[in-house]
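Got the viewer open? Keep the selection box handy and follow along, one stop at a time.

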Amino acid sequence: MKKYLLFLLLCTGEYTFAQQIAPLTVEKIMRDPKWMGISPTNFHWTADSKTLYFNWNPENKAKEELYKVTTSSPKPVKAANKEDEKHLSLNYVYNQNHSLSLVEKSGDIYLQNLKSNKETRLTNTLERESNPVFLVNGNVVYQLGDNLFEVDLKSAETKQLTNFVKGKKAGKTKTQPATEQDQWLKTEQTALFDIIKKRNAETKDNNRNSRNRFGVTSADIKPLKELYTEDKFLNGVVISSDGRYITYKLTTPAQNNHNTIVPNYVTASGYTEDIPGRTKVGENENLSQGFIYDRQRDSVYAFQTSTIPGIKDLPDYLKDYPKELDTLKKKNADRPVNFFGPLWNENGTSGIVIATSQDNKDRWILKLEPSTGQFSLIDRQRDEAWIGGPGISGFYQGNTGWVDNNHFYYQSEATGYSHLYVVNVSTGEKKQLTSGKWEVQSVQLSKDKKTFYFKANKEHPGITNFFKISTSGSQSVQITTMKGLSEIILSPDEKYVAINYSYMNKPGELYLQRNQAGAKALKITASTSAEFNSYKWREPDLVSFKNRYGTDVYARVYKSENPHPNHPAVVFVHGAGYLQNVHFGWSTYFREFMFNNLLADQGYTVIDIDYTGSSGYGRDHRTGIYRHMGGKDLTDQVDGVKFLVEKYGVNPKYVGLYGGSYGGFITLMAMFKEADVFASGAALRSVTDWAHYNHGYTSNILNEPFNDPIAYKQSSPIYFAGQLKGNLLMAHGMVDVNVHFQDIVRITQRFIELGKDNWELAVYPVEDHGFIEPSSWTDEYKRIFKLYERTLKK
């Protein structure tokens, strides 16, 4: 009778197979992820757009393998031969009419005729040739070592264009002037001996005629100008489309910096071995200078950074430090600048340089006057916090490029959200093509340069889809429509899109769709295992609430169908700070997704918040933590708990939280500064003092410790350790080269000196920042679960 009732319950959906057969445990979900099934990755179209390659492991082998599908036969098959392997990671460069393409394969340059499908190998050397481009005249230029070489496709002649020389130009050697006696002896020797007359004459003839016998006259011999790099690093060598100008950067490496060392204790040698580490925030930075080599004039001159508008502007935060501000005003120095480009239009008449200030408060789009090195302003985006957002960066050129010979496109957060703009570089007239309280996340210009394809979260902050809009700015058209996250890979002929699509409880799978509005997406792969599918993974409630500042904050809530009598709750805090985890797609925190399901099974209500500083919500949300990490990002967690109490019946006495990296930092701040809200917390691989983190990330948000100590002291947990009241678990890998083990050791010493005893530290001797070993993951999350069972269900 019991078996019959169970059968009926299973059939009616009142009793799930997962609940009876596959209850979740920490040991199960923290195994090698292969037990779940591995999603396809690393998608690449062939140049003819007929085949899509990707990595996949449907047979649960030791390593993933190369697979392929074709647009005519979309069934995945193994790509087993060497010819298939050649198609991996190829980046094609096309000529103006897309009849020819260039590609680097294994360090050599290949030319492909797309009409005849014929491939010609242009180089075959032991050295690596790279960065091939077409010039206006149809010739090909590539880089070999430091230098550029030009190939005339008609004559097959290869010509060297640059002659970069390491070191400094040698000065003229001073020789002793000949005395009257020396000159007399030389003249006398020549007059006395016929053999000296003969040899002097032969030397002159040899010098004059040494190349004539090969059909080369002295007029054909033109030595290349030596471009000395001194003791600096050469990079960013770019040739203009017309071949006249070559720009490059010389970088002076930072001096007197201290690199950290991470000790490795578990080694094959049996001895402790040191892992060289990074510098800390506030160390000196490299300094770069741009140069132009005018081949026509055979002259070299520098970029004129003094012509950049606002180059001397100082940031607003310095008003908190009047003496330092006064000193800098008197100094009146140009701020150091990083350059990207120039990006040349097709006919070589205009070059655009993307420049960012080293303090990352400014991003300029500048038109370069190559004959003088001076700049004129196309667009300036200033942010008193820091430059960022989708398609915008202080570390690369961003989503930028030429529409035609006179129009340039870029993204900007001028309206508070990253949108697409086109500017006429002659008149300076700008046109905003997209608008609204949503973000353009990626941009691609069509091959006919009449259409922009872009990915955006237009429908909802947590849903991404693919759109197109004309370069003139007509109404946008939506191409894909699936509710979730979609990574789009457009075929070179723009007829198909490959979609890596995922949903909240479904990992990514490959879909193929025609590049047309309303077209159906065809599912190609099925990767999840039977064991993974045996559990009914929750679709969390995707909600929003108003924080105390009146801003909408989005969250995922994992409801418990059978809450514990205490009605406990757990807050999961995602890492990275600037990251979006509240969306309709599969989370990169898949282990935490499964752990949150486990907690819900055990009677907890779990909330996962895209707190202030997270990505996907525009500039104000992105920069809301400027100069105060552990400010609004922390109070959002507290406001989220209040939301759970009001809407989900959570008991505010039994709330815990956990998170790794930035999430570990927030956990520490919560346990110190909001001790009355959180009874227990698990801080994993946590930053405890931002003055000990890296420069690129930290200086954007907090400036530098020596010039903005206020920001660091109000943002670093180590200064608030004395306020710990609840139960704290800390866990850290000992060979963490990102957030160093030193971080957790320093705060541990503070606890000891403060006499705190309600904390524990779990260390993982072989783990870096992101754990690798399933045994480490299992141990860590068993400890977290025990912490909650002990402190939130008592």
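What follows is a walk from the whole chain down to a few single residues and one helix pair.

**Before you click**

This is a predicted model, in which local features need pLDDT of at least 70, side-chain atom pairs count only at pLDDT 80 or more, and totals for chains, interfaces and linings use all residues. Residues are numbered from 1 along each chain as its sequence is written, and side-chain values use heavy atoms, with hydrogens and water left out.

**Whole chain**

Show the C-alpha trace first: along its principal axes it spans about 125 × 70 × 60 Å. Switch to cartoon and you have 16 helices and 44 strands (DSSP runs numbered from the N terminus, with helices being H or I of at least four residues and strands E of at least two). Of the 794 residues, 51% count as buried (buried is under 20% relative accessible area, exposed over 50%, partly exposed in between, with a 1.4 Å probe and protein chains only). Turn on the surface: the accessible area is about 38,300 Å², and 50% of that belongs to carbon and sulfur atoms (Shrake-Rupley method, 1.4 Å probe; for residues, only the protein chains shown count as cover).

**Stop 1: E65**

Select E65, in strand β3 (residues 65–70). Its relative accessible area is 27%, so E65 is partly exposed. Now add K78: the two side chains make a polar contact at 3.4 Å (a pair of N or O atoms within 3.5 Å; within protein, one must be able to donate a hydrogen and the other to accept it, and residues adjacent in sequence count only if both atoms are side-chain atoms). Their C-alpha atoms are 7.5 Å apart, with the two positions 13 residues apart along the chain. Leaving aside neighbours within four places in sequence, E65 is in contact with residues including F54, N55 and W56 (contact is heavy atoms within 4.5 Å).

**Stop 2: N345**

Jump to N345, in the loop between β21 (337–344) and β22 (351–357). Is N345 buried or exposed? Its relative accessibility is 0%, so N345 counts as buried. Look at where the side chain points: it has a polar contact of 2.9 Å with the side chain of T349, and it reaches the backbone oxygen of N405 at 2.9 Å. Not counting residues up to four places away in sequence, N345 also touches others, among them S241 and W402.

**Stop 3: V557**

Next pick V557 in strand β38 (residues 552–558). At 1% relative accessible area, V557 is buried. P540 sits 17 residues away in sequence, and 5.2 Å away C-alpha to C-alpha. Beyond four places in sequence, the contacts of V557 include P540, V543, I607, F643 and Y648.

**Stop 4: Q580**

Go to the loop between β39 (569–573) and α9 (590–601) to find Q580. It has a relative accessible area of 17%, so Q580 is buried. Which backbone oxygen lies 2.6 Å from a polar atom of the Q580 side chain? That of P461.

**Last stop: α11 and α12**

Select 632–648 and 662–673: these are α11 and α12, packed at about 70° with axes 10 Å apart (axes are lines fitted to C-alpha atoms, for helices over the stretch in contact, and angles run from 0 to 180 degrees between N-to-C directions). That makes α11 roughly perpendicular to α12 (65 to 115 degrees; under 35 is roughly parallel, over 145 roughly antiparallel, the rest oblique). Show sticks for D633, L634 and Q637 in α11, which meet Y662, F665, I666, M669, A670 and K673 in α12.
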